[in-house]
2 protein chains.
Amino acid sequence: MTSVDDVSRPSRVAGPDEAISAEELQLAARNHGIPLEALRYDVTPAGLHYLLIHYDIPDVDPAGHALTVDGAVRLPLILGLDELRSHPRVTRQVTLECAGNGRALLHPRPVSQPWLVEAVGNAEWTGTPLAPLLREAGIAPEAVDVVFTGADHGVERGVEQDYQRALPVADALREEVLLAYEMNGAPLLPQHGAPLRLIVPGWYGMAHVKWLRGITVLTEEFDGYQNAVAYRLRRDADDPGEPVTRIEPRALVRPPGFPDFMTRTRVLRPGPCTVDGRAWSGHAPITSVEVTTDGGATWAAAIVDPPRGGDWSWRRWRYEWSPQPGRYVLGARATDASGRTQPVEQPWNRGGFANNLVQRVEVAVLAD
Amino acid sequence: MTSVDDVSRPSRVAGPDEAISAEELQLAARNHGIPLEALRYDVTPAGLHYLLIHYDIPDVDPAGHALTVDGAVRLPLILGLDELRSHPRVTRQVTLECAGNGRALLHPRPVSQPWLVEAVGNAEWTGTPLAPLLREAGIAPEAVDVVFTGADHGVERGVEQDYQRALPVADALREEVLLAYEMNGAPLLPQHGAPLRLIVPGWYGMAHVKWLRGITVLTEEFDGYQNAVAYRLRRDADDPGEPVTRIEPRALVRPPGFPDFMTRTRVLRPGPCTVDGRAWSGHAPITSVEVTTDGGATWAAAIVDPPRGGDWSWRRWRYEWSPQPGRYVLGARATDASGRTQPVEQPWNRGGFANNLVQRVEVAVLAD
């Protein structure tokens, strides 16, 4: 008899010499990253922001869409979009990054969406704060977790599910958390969660539930798949692991010069060149960015521009470089006010999460 | 001495057992396809349309952007965007497909952007027809090719270049060809060629030059890289080959049911189900679509909806299916009025172009 187990397999790690599989490529063809030259934009334009969609983009009719708030609350709510839009309106720039960013560069490689370094974007999200709504519903004093349910449906490792992720109550009540209905001044696009999504500034993307249709307050810890099984930092399959939460610090270089089509190696003419990029952390403000042009052997301080997009947005950094002809490997390393920085050795875990290893950008500076 | 040859390698075909390389994955992470569930939209929303960008998205200031028309013309022109917008305005739905769509499914696999089947989209393009402008410039009677130059710059197989593609004069003078400045009713997005691109209805994507800055009329055949070297149907590296031009017929199935995350296998409950999708051809109108549910062993006629988007837009088709529990492989085959259809065996060429082999969608229908 055909069952959902027949279409799913357990999670696995690739063999030492195993190349990218057809299934990983299939995910890469759907879920795209930011083209790195788009790091030039303070706010990432529509269609250039990274996307990770677990199942399919659901077909949600905004006119009929409602958000339910139930569980351990005094007064359950059902809210249409017009009603949500009549609540206080806030716009916030927030940098989102996929928890699996960098996964395909790990050795050995966890087999899942094969990101290199490009699973990031910085958008302006407009919506209404979540905390007042939870207070209006009268959240129970013994509440533990708040579960957010999307309209997207699928199977993962044999578990059929609507996408659901919980936040601890204290995180759900942070004033920065938004129920967003606009992105960059326009209604949400289908692929970004139209008509409503959660925005949890500072957290990896899995927390920002798209196509949001339900909020349920629990008086115990949520044991759903995406919290209890998927997004955990595990050493091996038997390790219960720690939950994936906030974004580790990362800096990306906007590749200078122009590329070769196939290798994406960068070509530069000799002479002065401003190398720049972006840096962000979900834990604390960025305090410094260092640049390497020799693949990590030596480092020099970059100038970090003042924050322009608020506390939860990436910051631009820049570094004046005047290379001689030859080959270089560029990278950047961000450090935040909590003391966290980017490692020189890969931070391996079985899901390939929160990997903020320094990027490598191959550059050829031509002879005059 | 470092030169552009050091960053480029010759084109190649993968070995018989060679899996996807890191370079192919890097291209897949940048250049994304349409998520197949988005075949539900008549007009593909922003950010879901396929993208193939040879080099980087250039940083073009629309205020300073001008289009030059020169070469074998009586009256060379320099046209700003406001001037182009004051010319007659036309909106046309056009289905664009990358010439390399399907490449990664070929055996052996040409090594380049590794598309599976998803390099397609259907948008509403608004702009001004090209032909009146060429007539205004006074195209020479002995003109042969019209070269279109973009603002994007890079290296390909050792050749440093601005992206340039030529059309034979007769094709450039087709009344349907547009200089487009809007997509889906909004200004062009950076990644789709802002502020100006060429639209050549019926031709593969390489002809629709993005970030268009120059038009040059030649009295001889254009021998630039993208016409003479890259986009040709070659049997082997020594074959001069035929140019890639119009889109071969293709139908895609919108995968029914819901997916497993990793395998993308579809899951369906038993019972009646409308299977649908899209079909298009750049040669002639679609005359029929057939559906298979057994991987091509047997075929049944689908209903093809009337054209809703004009002569150059894909058409929806549908097929009523009521499967028993079990495993199925779905596909669809389009035929056009020129008699062209989709092959059962792969149409191999060394660049992996114009491959319209029938799609395979794995479906598991669950036991009740």
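**A four-stranded sheet and the interface of chains A and B**

In chain B of this predicted model, strand E16 (residues 273-280) and strand E20 (residues 315-321) run antiparallel and are joined by seven bridges. Within this pair, B:Gly277 stands opposite B:Trp317 of E20(B). Both strands belong to an open sheet of four strands in chain B, ordered E13-E16-E20-E19 with antiparallel pairing. Its edges are formed by strand E13 (250-254) and strand E19 (303-304), each of which pairs on one side only.

Turning to chain A, UniProt places the feature "domain: Moybdenum cofactor oxidoreductase dimerisation" at residues 271-364, in an unreviewed entry. This span is 44% strand and 0% helix, and its end C-alpha atoms lie 13 Å apart.

The two chains meet through 70 residues from chain B and 70 residues from chain A. Between them they bury about 6,100 Å², with 62% of that area on carbon and sulfur atoms. On the side of chain B, the most area is lost by B:Thr2, B:Phe261 and B:Met262, which together account for 13% of what that side buries.

Polar and charged groups also take part. Across the interface there are 32 residue pairs in polar contact and 10 salt bridges. B:Arg269 forms a salt bridge with A:Glu160, where the closest N and O atoms are 2.5 Å apart. Several elements of chain B supply at least two residues each to the side touching chain A, among them strand E5 (145-156), strand E21 (326-336) and helix H1 (22-30). The largest share, eight residues, comes from H1(B). By class, the residues on this side of chain B comprise 35 nonpolar, 17 polar and 18 charged.

Definitions and conventions:
Residues numbered from 1 in each chain as written. Chains lettered and ligands numbered in written order. Predicted model: local features only at pLDDT ≥ 70, side-chain atom pairs only at ≥ 80, totals over all residues. Heavy atoms only, no water. UniProt positions renumbered as here; feature names shortened; annotations may be inferred. Pairing = 2+ DSSP bridges. Contact = heavy atoms within 4.5 Å. Buried area = accessible area lost by both parts, 1.4 Å probe. Salt bridge = Lys/Arg side-chain N within 4 Å of Asp/Glu carboxyl O. Polar contact = N/O pair within 3.5 Å; in protein donor to acceptor, adjacent residues only side chain to side chain. Nonpolar A, V, L, I, M, F, W, Y, C, P; charged D, E, K, R; others polar.
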